[in-house]
Protein chains: 2
Amino acid sequence: MRGLGYVDRMRRLIEAVPNFSEGRDRAVLAEIRSAVEAHARVLDVHADGDHNRSVFTCVGEPEALVEGLAAGVEAAVRRIDLRRHQGVHPRVGAADVMPIVRFRAGDPAPRQAALALGERIGALGVPVLGYAELGAGVRPAHYRAGGLDGLAARLEAGAVAPLFGPARLHPTAGAVLLAVREPLVAFNVNLETADVEVARRIAAAVRESSGGLPGVQALGMLAGGRAQVSMNLIDLAATPLHVLVGEVVQRAAAEGVAVHGSELVGLMPASVAAAAAGARLHLPGMTADRLLEVAVVGAFGE
Amino acid sequence: MRGLGYVDRMRRLIEAVPNFSEGRDRAVLAEIRSAVEAHARVLDVHADGDHNRSVFTCVGEPEALVEGLAAGVEAAVRRIDLRRHQGVHPRVGAADVMPIVRFRAGDPAPRQAALALGERIGALGVPVLGYAELGAGVRPAHYRAGGLDGLAARLEAGAVAPLFGPARLHPTAGAVLLAVREPLVAFNVNLETADVEVARRIAAAVRESSGGLPGVQALGMLAGGRAQVSMNLIDLAATPLHVLVGEVVQRAAAEGVAVHGSELVGLMPASVAAAAAGARLHLPGMTADRLLEVAVVGAFGE
């Protein structure tokens with residue numbers, strides 16, 4: 001049978017997951033979304049009022065995606081004033097982080113798109129700081145340490161150098177942290193307690209940087225009146241998501257605290273859901289190609 | 001953005017899940033697979049030596065799928081001799097069941113394809129008996145009761161009338177049970193015991209026909225030296241798969257028996273895996289459109 005040509009086109013698609021520092025004002029989010037959607041697709045918007053932050057999941061062919069993201073950043077720079085921003089999630093920019101996702105090892109398209117986008121953002125007068133593959137492996141926390149004032153001083157002193165744009169923060173929009181990185185899952189577990197210290201202890205126990213699980217970043221926060229363990233799983237192979245969540249649940253139980261529920265921020269790769277389903281169903285070998293829809297796409301694109 | 005045309009074509013695709021009464025002889029399975037693949041795609045073959053049965057997951061545009069299935073049945077009729085068949089799964093045909101799946105309510109294509117296929121099978125001298133939407137809602141067990149001899153007598157007496165083909169069994173290939181039906185999940189749970197009565201008690205407790213869970217069919221068998229609860233979940237909305245499996249695990253535990261592991265026979269719809277993953281991850285609202293690959297197909301086909 002002939003291929004349907006879909007997966008060839010799909011293989012050109014790349015994903016970006018920009019985080020904007022606005023999670024409350026729906027008009028601002030609608031304006032950013034419209035700007036992106038004039039060129040690319042927005043698959044999901046996860047707006048969080050406590051974090052005062054929104055995670056957009058965007059997909060497009062490279063040129064279209066760069067256009068859409070540049071338009072979205074322009075709208076965010078125009079509409080979001082960091083000087084008035086309050087929220088529990090740390091940030092240094094109106095368009096705070098701008099990761100372009102690399103799904104296939106060796107694919108040059110995400111890096112090319114990121115650099116093209118960085119140039120567009122720099123031209124808006126916003127410094128573009130690289131992280132992950134665009135910043136020798138540093139993480140956003142590297143730039144957030146010391147807050148906006150600290151970052152301003154480090155830029156002035158030359159201790160932090162932008163990839164594009166001026167070596168000073170934009171007066172209202174701060175900086176943009178630009179990256180090429182592998183897929184991750186952003187996931188929050190909300191606890192049946194208002195004691196944020198419980199979440200902080202659990203976060204410290206599970207995150208890699210303090211001796212926890214590989215590929216796990218975690219912070220304890222207060223969100224919606226509940227303690228929240230807010231996590232990024234940045235190495236999907238090293239720690240299955242369901243193992244991480246199981247560990248959080250178990251540690252909460254050990255403190256006598258129940259789980260209220262979880263939140264998936266954005267989307268997850270089908271492989272992550274397949275593995276979690278396998279754990280629930282006593283099917284340890286469960287993989288994404290056992291999902292009918294995923295198998296159909298695979299079969300008709302080859 | 002323009003659509004990629006994929007989902008329009010994908011909407012024409014239909015699925016069939018023929019079960020052949022051979023799970024041991026790889027040469028026979030390869031011949032059937034080649035016959036189907038000359039016209040359509042085979043996404044998965046689940047061959048089970050204990051059941052002595054194979055479940056093929058096939059997809060194609062309607063005309064191509066009918067050609068592929070007709071060719072596969074022809075190969076099965078030629079190569080499988082039911083008179084010599086042994087296996088724990090009940091059956092009445094070399095190509096025992098031939099369900100065409102209806103994913104979208106009101107879609108006439110599966111029925112049209114099934115009737116075209118039935119005519120082709122009848123022309124091979126094999127009686128075609130309808131079940132599910134092609135047989136007033138009866139199930140395969142309706143035809144299997146009394147075994148091959150019983151079915152031969154009922155055909156002769158006119159108590160069972162074929163949709164196509166002769167009113168007598170094919171001498172070596174028996175009959176084909178043809179259906180149009182909604183998606184189902186075939187799933188086995190293997191227990192850490194050789195006592196088949198444990199599996200039979202659990203099967204009786206969970207299946208709808210004896211007062212168990214809605215949409216569940218279940219049998220207790222011995223497979224690979226272990227008691228096995230072999231199930232079809234035929235109403236995916238009425239009983240989530242993870243609830244069914246949880247019930248089996250709990251009933252086994254109540255008998256002091258551990259679960260060795262599960263087997264997914266064929267593929268599962270992404271929605272079933274998403275719900276099971278949600279149960280494991282404390283994400284009760286988890287749906288298939290939160291899987292990146294599924295969301296991309298949705299976004300670029302519209």
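The legends below describe close-up views of the contact between chain A and chain B in a predicted model. Residues are numbered from 1 along each chain as its sequence is written, and chains are lettered from A in the order in which they are written. Local features need pLDDT of at least 70 and side-chain atom pairs count only at pLDDT 80 or more, whereas totals for chains, interfaces and linings use all residues, and side-chain values use heavy atoms, with hydrogens and water left out.

**View 1. The extent of the interface between chain A and chain B.** Chain A contributes 54 residues and chain B 54 residues to the contact (heavy atoms within 4.5 Å). The area buried between the two chains is about 5,000 Å², with 70% of it given by carbon and sulfur atoms; buried area is the accessible area (1.4 Å probe) that two parts lose on being put together, summed over both.

**View 2. The side of chain A that touches chain B.** At least two residues of this side come from each of α1 (6-12), β3 (41-48), β4 (53-60), α8 (241-254), β11 (259-265), α9 (270-281) and α10 (292-301) of chain A, where helices (H or I, at least four residues) and strands (E, at least two) are DSSP runs, numbered from the N terminus.

**View 3. The axis relating the two copies.** A turn of 180 degrees with a shift of 0.0 Å along the axis lays chain A on chain B with an RMSD of 0.0 Å, superposed by least squares on the C-alpha atoms of residues with pLDDT of at least 70 in both. That is the relation of a two-fold axis. In chain A, the C-alpha of Ala277(A) is the one nearest the axis, 2.1 Å from it.
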